[in-house]
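The following note sets out points for a colleague reading this model. It moves from the chain as a whole to individual residues and pairs.

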Amino acid sequence: MSIVEVHLLGTFEIYVDNQLVSAPIVRSKKLRRLVEFLILNRNRAVPNEEVIEALWSKRQNKNPRNALKILIHRLRSGLIEGGAPEDLEFLLTRQCTCRWNPEIQCMYDFEKFEALCSTSLNDHANEDVLYIRLCSACDLYHGKLMEDAAGELWQEEISARLHEKFLYAADRLIKMLDKRRMHAESLKLCRRVLSIDPTQESIHESYIFTLAQAGHNQEAIQYYRNWTAQYYNKIGKQPPESLHQLYQQIVETERKTSADIDLICEELREKESIPGAFVCSYEIFREVYRLEVRSMVRYNSCTAIALLTINDAGQQPPEDRVLTKAMLQLMECVRISLRRGDMVARYSPTQIVIMLPTATIEMGEAVCERINRNFKREYPKTKVIVSHSVRAMESIESALWR
């Protein structure tokens, strides 16, 4: 009997006796969905009406029963075209039901993955055995289960469960690799996890930690700065405190290494000349602000602080999808509209704060109006509204007197 292998973790592949046979059907979203839905329900005969409901909305097809019949025929012929034996029945259709054939000797990557994860939870397992199991589990996971069906109710629960197990297994394996000082393998695994799910703060932290453990302090510092800037611009808040503390430890370690003034100046120097304002995290913005306040009295200078806020037509924060795109667009517009000596940071999910050295309130108002004009010209179809407020920076003495 032929041996069938089905891969649904981050990919869609069906093999018969080690030969890929799914190539002719992989281009069709409906064919993939049919296979995926029936495999998830492989322990029962699924009524045709349930299959139809999963694959088509009520408005999509006027004759869904006929459409399902055609789809099943296309699936069978497509797999045969891909090289599957003609007598190998993948689907059984009987009495208005459809089923993935339980008689097929079939192996599923997600079942094997979950079994490996479950055995890895055994705290009494030998560490070497546990290490092999975790490596095998992580190697199997190429992405979320049935990624092309993301959002479908019939796959959400199992997909989320398997992804959580993958993150747990990966985190545990990374710690084992670091313990064994296998830093190259640990970094490689971190990169792979982040390519699948870039939102995992703990993996970013592990990556930075491992870089430092491997002696790549400068690379760890640069990675932290790049990632925190992206994190702040996207989410509008500071990264976890544990990550910041790790960064401070790495910086402190790096400073203990003696260096001459030329090396320090080289490290401080901006690597490339970037036009427009200096974009940074709010944490850095706050420290520079405090330094600027200290300088005001001595040099009798003035500095304007501006705040840009994005809202929808009803003066409410836009929905997340619209807000994320609009904030990225506005940040870029602000950057290229200002001088290289000006400073910009994201203050909150809907706000950007600007520091304009040597600018009065009137000048700050004019700058904000220019930014707004540029934003509307660059993005005429945007549905968000940008408002602004401008204040003069106060010295400590002025603030106390007031």
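**Notes on the predicted model**

1. Arginine 321 and glutamate 319 form a salt bridge, with their closest N and O atoms 3.2 Å apart. The arginine of this pair, Arg321, is exposed, with a relative accessible area of 63%. The structure under review is a predicted model, and a search of the whole of it finds 15 salt bridges.

2. As to overall composition, the chain contains 15 helices and twelve strands. Of its 402 residues, 42% are buried. The area that the chain exposes is about 23,500 Å², of which carbon and sulfur atoms supply 52%. Among contacts between residues at least 6 apart in sequence, 66% join residues at least 24 apart.

3. A salt bridge also joins the side chains of glutamate 111 and arginine 42, at 2.4 Å from N to O. This pair links distant parts of the chain, 69 residues apart: glutamate 111 belongs to helix 4 (residues 109–120), while arginine 42 sits in the loop between helix 1 (29–40) and strand 4 (46–47). Glutamate 111 is partly exposed because its relative accessible area, 37%, falls between the limits of 20% and 50%. Arginine 42, at 15%, is under the 20% limit and therefore counts as buried.

4. Aspartate 342 and arginine 339 form a further salt bridge, and here the closest N and O atoms lie 2.7 Å apart. Is aspartate 342 buried or exposed? With a relative accessibility of 2%, aspartate 342 counts as buried. Its partner, arginine 339, has 42% relative accessibility and counts as partly exposed. Elsewhere, Glu127, Asp128, Lys179 and Arg180 are joined into one network by salt bridges that share partners.

5. The second largest pocket holds about 350 Å³ of space. It is lined by 14 residues, and the closest to its centre are Val322, Lys325, Lys381, Thr382 and Lys383. By class, the lining of this pocket divides into six nonpolar, two polar and six charged residues.

6. Glycine 82 is placed in the loop between helix 3 (64–81) and strand 5 (91–94). Its relative accessibility is 17%, so glycine 82 counts as buried, the limit being 20%. Which residues does glycine 82 contact, leaving aside its neighbours within four places in sequence? They are Gln19, Leu20, Val21 and Pro24. The C-alpha atom of glycine 82 is also separated by 6.1 Å from that of alanine 23, although these two residues are 59 apart along the chain.

7. Two backbone angles deserve a look in the display. Cysteine 96 is not a glycine, yet its phi is positive, at about 60 degrees. Cysteine 96 lies in the loop between strand 5 and strand 6 (97–100), and it is exposed, with a relative accessible area of 62%. Glutamine 315 likewise has a positive phi, near 60 degrees, in a residue other than glycine. The loop that holds glutamine 315 runs between strand 9 (303–311) and helix 13 (320–337). At a relative accessible area of 45%, glutamine 315 is partly exposed.

Technical notes: Residues are numbered from 1 along each chain as its sequence is written. This is a predicted model: local features need pLDDT of at least 70, side-chain atom pairs count only at pLDDT 80 or more; totals for chains, interfaces and linings use all residues. Side-chain values use heavy atoms; hydrogens and water are left out. On a 1 Å grid over the protein atoms alone, a cavity is a set of points where a 1.4 Å probe fits but cannot get out, and a pocket is an open set with protein on both sides within 12 Å along at least five of seven lines; lining residues have an atom within 4 Å of a point. Grid points are joined across faces, edges and corners, and a volume is the space filled by probe spheres set on the points. Ala, Val, Leu, Ile, Met, Phe, Trp, Tyr, Cys and Pro count as nonpolar, Asp, Glu, Lys and Arg as charged, and the others, Gly among them, as polar. A salt bridge is a side-chain nitrogen of Lys or Arg within 4 Å of a carboxyl oxygen of Asp or Glu. Helices (H or I, at least four residues) and strands (E, at least two) are DSSP runs, numbered from the N terminus. Buried means under 20% relative accessible area, exposed over 50%, partly exposed in between (1.4 Å probe, protein chains only). Contact means heavy atoms within 4.5 Å. Accessible areas come from the Shrake-Rupley method with a 1.4 Å probe; for residues, only the protein chains shown count as cover.
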